[in-house]
Amino acid sequence: MIAEIGHYAVVLAFMLSIAQGILPLIGAHRNDTALMGVAAPAACGQFMFVLIAFCALTYAYVVSDFSVALVAQTSHTLKPMLYKVSGVWGNHEGSMLLWILILALFGLMVARFGRNLPAGLRARVLGIQGLIGIGFLAFLLFTSNPFLRLDPAPFEGQGLNPLLQDPGLAFHPPFLYLGYVGFSMAFSFAVAALIEGRVDPAWARWVRPWTLVAWTALTIGIALGSWWAYYELGWGGWWFWDPVENASFLPWLVGTALLHSALVVERRDTLKSWTILLAIIAFGMSLLGTFLVRSGLLTSVHTFATDPERGVFILGLLIVVIGGSLVLYAIRAPMLKGGGLFAPVSREGALVLNNLLLATATAVVFLGTLYPLALDAIGGGKVSVGAPFFNATFVPLMVPLLIACPVGAMMAWKRGDLPGVVGRLKVAVGLALLVVLATVMIDGNTDIVAALAMGVAAWLVGGAAVDLAERTGLFRISLSDTLRRAANLPRSAWGTAIAHSALGIMVAGITASSSWQTERIQIVRPGDTVELAGYEVTFKGAGNVPGPNYTALRGTFELTANGRRVTMLYPEKRDYPAEKSSTTEAAIHTTPIADVYVVLGDSDGKGGWATRIYHNPLVPWIWAGAIFMAIGGMVSLSDRRLRVGAPKRAARKTPVAEAA
Amino acid sequence: MLRPLTLIPVAVFAVLAVVFAVYLWQVGPGGKDISKIPSAMINKPAPQFDLKPIANLPARLKIPGLKTADLKGGVSLVNVWASWCPPCRIEHPVLMNLAQQGVTIYGINYKDKPEDATRFLDQLGNPFKKVGVDNTGRTAIDWGVYGYPETFVVDASGHIRYRHVGQIYPHQLESLILPLLKQAAQPVTDSSKAGSAGAGGS
């Protein structure tokens, strides 16, 4: 009964989305307030019904209702509660429902908090959101119904892929979808602006918070995914340039460019056409990622049970949504008037450079991801494009971006003073040089590229600190004045400094972990000790340990430094009988400056065990960087300017930003 | 009102959409299996190599080394294996079964310790007529080996006719390996057909 209610709620939501997708757009065209007024209640109702459907499915998982086919295929009574719930989105149908729930949530937020938007713009934005909703709800209803019954119902489910039974991965999809779907807001605003033929600073101010929400969530989502890959796949790596990883990275890159270009629209009333295009592409990349993963064109751990029919449907959706909006763009974009030329040496000039580099990097990753697919499609045979390609192309593009970042952030709008900015950044330059020297001295092999990269990391952190110090007058005026200035500093300035220095932290983590990783692979017998990077790892033995829905082979290792015990490490190999597969659980000892990472391999049958032990310096900084980046986004989101009315169009408060 | 510059995005997207549609159509029902990895070596002569036998083999296991010339004169399987590779261990009974049916199987022992390899054959039996030791991994690279175990069907003229990545499952004996061996026994003129089966099963 509950499942039928869920199914029925999806049908009702679909009906409402049709109303929401058609009537307000007609209303906005005819300037008919009654028709435009349909948008907000329809969005609220759509959210309510999708929420009911989502709760119904969650209930089926929680009580292990195996008469629902999806639950029988992907759940099991013995699964811990957390994974019963996360199992809702651990499959194709349920994850589409989550996707739609988030889409409806964004619609609700525009309806609820967007009262100060001009009526026409609000109606159009909600109308376009409704159109997207029609597409995805139809996709769910006609190709991926999560509420199908199974008769007779089995006594036990088949279980969830054990790789997905993990706390990091339980929350990876919701954040990722919050990011993907969040870009639908920027997209809807962009298409609405194209229909109206008007983009102004107020528009940019409305779009920016939504983009920030999406970008922040996507940052967290990608970081969770990479963290999971790091500790679960057991290879000590954290990013593999896997096509599916790239599929989530592409919208992030475009979203980052969009965040920066929207600033130029807001402050200088120019770069409009480009910003609109970025908004369309950001959501386009999100849809593309969905298409690639769901259609079965890419195979990886992310691939759900695929069905070509679904691929055709999503491709159709992609063509209508992205193709349609790009045609609209081609027709309307020439009408958007730019705000005139501007000097290359200025904040806006620096932001254009940022956009050029990010756009090129996006193109490179896009090409590397899709080239093998395109080549195979035209019968050119199989190739694989791996890490070497991306390292050789992506990294060189990032170097100028990172070096220019602190300079650009301190440049004044309209006309910047490059020598002046560089002069004020001399402290950061000094810090960077110091770090390069220190790195060369510590690292005996003098890996000069790595040392320079560490210098770039220090430059980013130092640059952000100098920027804050300059703005607050640190060391120039009295401390109390500095504190007052710091308190009055716009939140967005804090957000920028935090996010940019987070980038530095991440660069340091990436550089150190890829340049100075130590790896020991050997067969150990109980009592054997392996030394690495100042630690001794002693193997104590291995034995079977039962888990809730698996049996684990657990190794016991003692980690000592200079003869003193630091901690015990328990890597596991888990065998999931219901799912007939196994996972490796690396044991990781994390310190602020390094990880010791132990993986238990196979037995040699004579009491010896294959083990891999890694020392990964600064690897926690990668995720610390991602977290700080997300914090920067959130701080920026709380900026007053995004909440208080925009100068031209709205006089009242703009609580759009509070939607976060 | 249209300007060429703003038409670029939609043009790029159109090309992309066509590529996706073509690929989706190819992958569609009964279409090609994209998880299959083709080998560049199909229908090419087996690479040149001359590998030593496993060192210090006891008298009960008299297995000579393997070189390219050995592959000529009859259809054979070349299996790349190692004692440290768990799927190789699981696959081994299948190879034993094939050897009992009279199939010639050659082994390339990949980056293994001689004593481990000897113990492996002692415990599980020896299906191999000859085994060459590839300690450097060079020969495996020449063969284009992707993962372990990996098995090649080589015809009487020493040409590679099929590659099987991963272990051979028992059910694949009748459905895949034996028919392939029969096919490889046909004259070389038929090789293009066998090759396409290996290259992607389209």
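Two strands pair if DSSP finds at least two bridges between them, and strands (E, at least two residues) and helices (H or I, at least four) are DSSP runs numbered from the N terminus. The structure is a predicted model in which local features need pLDDT of at least 70 and side-chain atom pairs count only at pLDDT 80 or more, while totals for chains, interfaces and linings use all residues. Residues are numbered from 1 along each chain as its sequence is written, and chains are lettered from A and ligands numbered from 1 in the order in which they are written.

**Figure 1. Four strands of chain A form an open sheet.** The strand order is β1-β10-β9-β8 (chain A), and the pairing is antiparallel. Strands β1 (518-524) and β8 of chain A are the edge strands, each pairing on one side only. From one strand to the next the twist averages 15°, an angle between N-to-C directions, on a scale from 0 to 180 degrees, of axes fitted as lines to C-alpha atoms.

**Figure 2. A hairpin connects β8(A) and β9(A).** Three residues link the two strands. Strand β8 covers residues 587-590 of chain A and strand β9 covers residues 594-603 of chain A; their antiparallel pairing comprises four bridges. Within this pair, Y597(A) in β9(A) lies opposite I588(A).

**Figure 3. Strands β2(A), β3(A) and β4(A) are linked by two hairpins.** Strand β2 (residues 529-532) of chain A is antiparallel to strand β3 (residues 535-546) of chain A, with four bridges between them. E531(A) faces E536(A) in β3(A) across this pair. Two residues separate β2(A) from β3(A) in their hairpin, and in the turn A533(A) has a positive phi of about 45°. On to strand β4 (residues 551-561) of chain A, β3(A) makes 10 bridges, again in the antiparallel sense. T538(A) is placed opposite E558(A) in β4(A). The hairpin from β3(A) to β4(A) passes through four residues.

**Figure 4. Helices α3(A) and α18(A) are shown with the residues that follow them.** The expected span of a helix is 1.5 Å times one less than its number of residues. Helix α18 (residues 448-472) of chain A has 25 residues, so it should span 36 Å, and its end C-alpha atoms are 36 Å apart, in agreement. G473(A), which follows α18(A), has a positive phi near 70°. Helix α3(A) has 24 residues and extends 34 Å from its first C-alpha to its last, close to the expected 34 Å. S64(A), just after α3(A), has a positive phi of about 50°.

**Figure 5. Domain 1 and domain 2 of chain A are in contact.** Domain bounds, taken from an automatic or database domain assignment, place domain 1 at 1-164 and domain 2 at 518-620 of chain A. The C-alpha centres of the two domains are 43 Å apart. Nine residues from domain 1 of chain A and nine residues from domain 2 of chain A take part in the contact, where two residues count as touching if their C-beta atoms, placed from the backbone, lie within 7 Å. On the domain 1 side, four residues are nonpolar, four polar and one charged. In this scheme Ala, Val, Leu, Ile, Met, Phe, Trp, Tyr, Cys and Pro are nonpolar, Asp, Glu, Lys and Arg are charged, and the others, Gly among them, are polar.

**Figure 6. Five strands of chain B form an open sheet.** The order is β5-β4-β3-β6-β7 (chain B), and the pairing is mixed. Strands β5 (130-134) and β7 (160-165) of chain B stand at the edges with a single partner strand each, so one side of each has no neighbour in the sheet. The twist averages 20° from one strand to the next. Strand β3 (residues 76-81) of chain B and strand β6 (residues 150-154) of chain B are antiparallel and share five bridges. V78(B) has F152(B) in β6(B) as its bridge partner.

**Figure 7. Confidence varies among the elements of chain A.** pLDDT is the predictor's confidence in each residue, from 0 to 100. Chain A has an average of 86, with 93% of its residues scoring at least 70. Among the elements of chain A, the mean is highest for helix α3 (residues 39-62), at 95, and lowest for strand β7 (residues 581-585), at 79. Residues 300-305 of chain A stay under 50 and have 13 contacts beyond four places in sequence. Residues 644-660 of chain A are also below 50, with 43 contacts beyond near neighbours in sequence. For chain B the mean is 79, and 83% of the residues reach 70 or more. Over residues 190-202 of chain B the pLDDT is below 50, and this stretch has 27 contacts beyond near neighbours in sequence. Where pLDDT is low, the predicted coordinates should not be read in detail. The model as a whole scores ipTM 0.81 and pTM 0.79.
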